[in-house]
Amino acid sequence: GRNQGFTLSTFFYVAPNHWKGLGIGSGVKGFFATPNNGGNNETYLFNYYHVGLGIKYYPFSKVFNKGFSVKSNFGFGQMTEKMRYNDTQIYEHQFAIGTTLLGGFGYSIPIYKNKMAFNIDFEAEYSNRRGDVTGKGENQKFQNSHISLNLGLGF
């Protein structure tokens, strides 16, 4: 089967006008999947998140929340992957914590008297984590990455 889920991404930037399109801030991004039931009465679960510090810059307009932007974020977070065999109630899991580097670019279209913006962002993430795995022990290395296309509101 296929996991269904959603990504939540919330970043807050301080961007005074005299910084000319630069914002510095913090945020959280995570993926939360619904359980996936398999053909042998097993259930697969997966989620991850990271919290970090970041920058976002509008190099051409020099106005925050207007036009083309680039962004970067460095954070810390976790990843959980679990398989539950429902007949025997046995669990196999992977749990890891570590760092994430995010980079991206996007475009902001000002709306509502230039007090808000509709944002379209393309982001790539790379995570490097260590954790424990059923049957393999602790201190196992995990690396994963993903790309996302995000729609949102800036204000």
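In this predicted model, Asp-121 counts as buried, at 9% relative accessibility, and the side chain of Asp-121 meets that of Lys-56 in a salt bridge with an N to O distance of 3.9 Å. Because Lys-56 lies in strand E4 and Asp-121 in strand E7, the pair ties together parts that are 65 residues apart in sequence. Lys-56 is likewise buried, with a relative accessible area of 5%, a value that falls under the 20% limit for burial.

The structure holds 4 salt bridges, and strand E7 contributes a residue to further pairs, as described here for Glu-123 and Glu-125. The side chains of Glu-125 and Lys-29 meet at 3.3 Å, N to O; since Glu-125 belongs to strand E7 and Lys-29 to strand E2 (residues 22-33), this pair ties together parts that are 96 residues apart in sequence. Glu-125 is buried, with a relative accessible area of 4%, and Lys-29 is buried with a value of 0%. A salt bridge is also formed between the side chains of Lys-71 and Glu-123, at 2.8 Å, N to O, and this pair links distant parts of the chain, with Lys-71 in strand E5 and Glu-123 in strand E7, 52 residues apart. Both partners are buried, Lys-71 with a relative accessible area of 9% and Glu-123 with one of 1%. Through salt bridges that share partners, Lys-29, Lys-71, Glu-123 and Glu-125 are joined into one network.

Strand E7 (116-133) also takes part in the lining of the largest pocket, to which strand E1 (5-14), strand E7 and strand E8 (137-154) each supply at least two residues. This pocket has a volume of about 630 Å³ and is lined by 25 residues, of which Phe-11, Asn-119, Leu-153, Gly-154 and Phe-155 lie nearest its centre. By residue class, the lining of the largest pocket divides into 10 nonpolar, 9 polar and 6 charged residues.

Positive phi values were found at two asparagines, Asn-41 and Asn-65. Asn-41, with a phi of about 60° although it is not a glycine, lies in the loop between strand E3 (36-37) and strand E4 (42-57), and is partly exposed, with a relative accessible area of 37%. Asn-65, for which phi is near 70°, is found in the loop between E4 and strand E5 (67-85); in contrast to the partly exposed Asn-41, Asn-65 is buried, with a relative accessible area of 14%.

How values were computed
Residues are numbered from 1 along each chain as its sequence is written. This is a predicted model: local features need pLDDT of at least 70, side-chain atom pairs count only at pLDDT 80 or more; totals for chains, interfaces and linings use all residues. Side-chain values use heavy atoms; hydrogens and water are left out. Helices (H or I, at least four residues) and strands (E, at least two) are DSSP runs, numbered from the N terminus. Buried means under 20% relative accessible area, exposed over 50%, partly exposed in between (1.4 Å probe, protein chains only). On a 1 Å grid over the protein atoms alone, a cavity is a set of points where a 1.4 Å probe fits but cannot get out, and a pocket is an open set with protein on both sides within 12 Å along at least five of seven lines; lining residues have an atom within 4 Å of a point. Grid points are joined across faces, edges and corners, and a volume is the space filled by probe spheres set on the points. Ala, Val, Leu, Ile, Met, Phe, Trp, Tyr, Cys and Pro count as nonpolar, Asp, Glu, Lys and Arg as charged, and the others, Gly among them, as polar.
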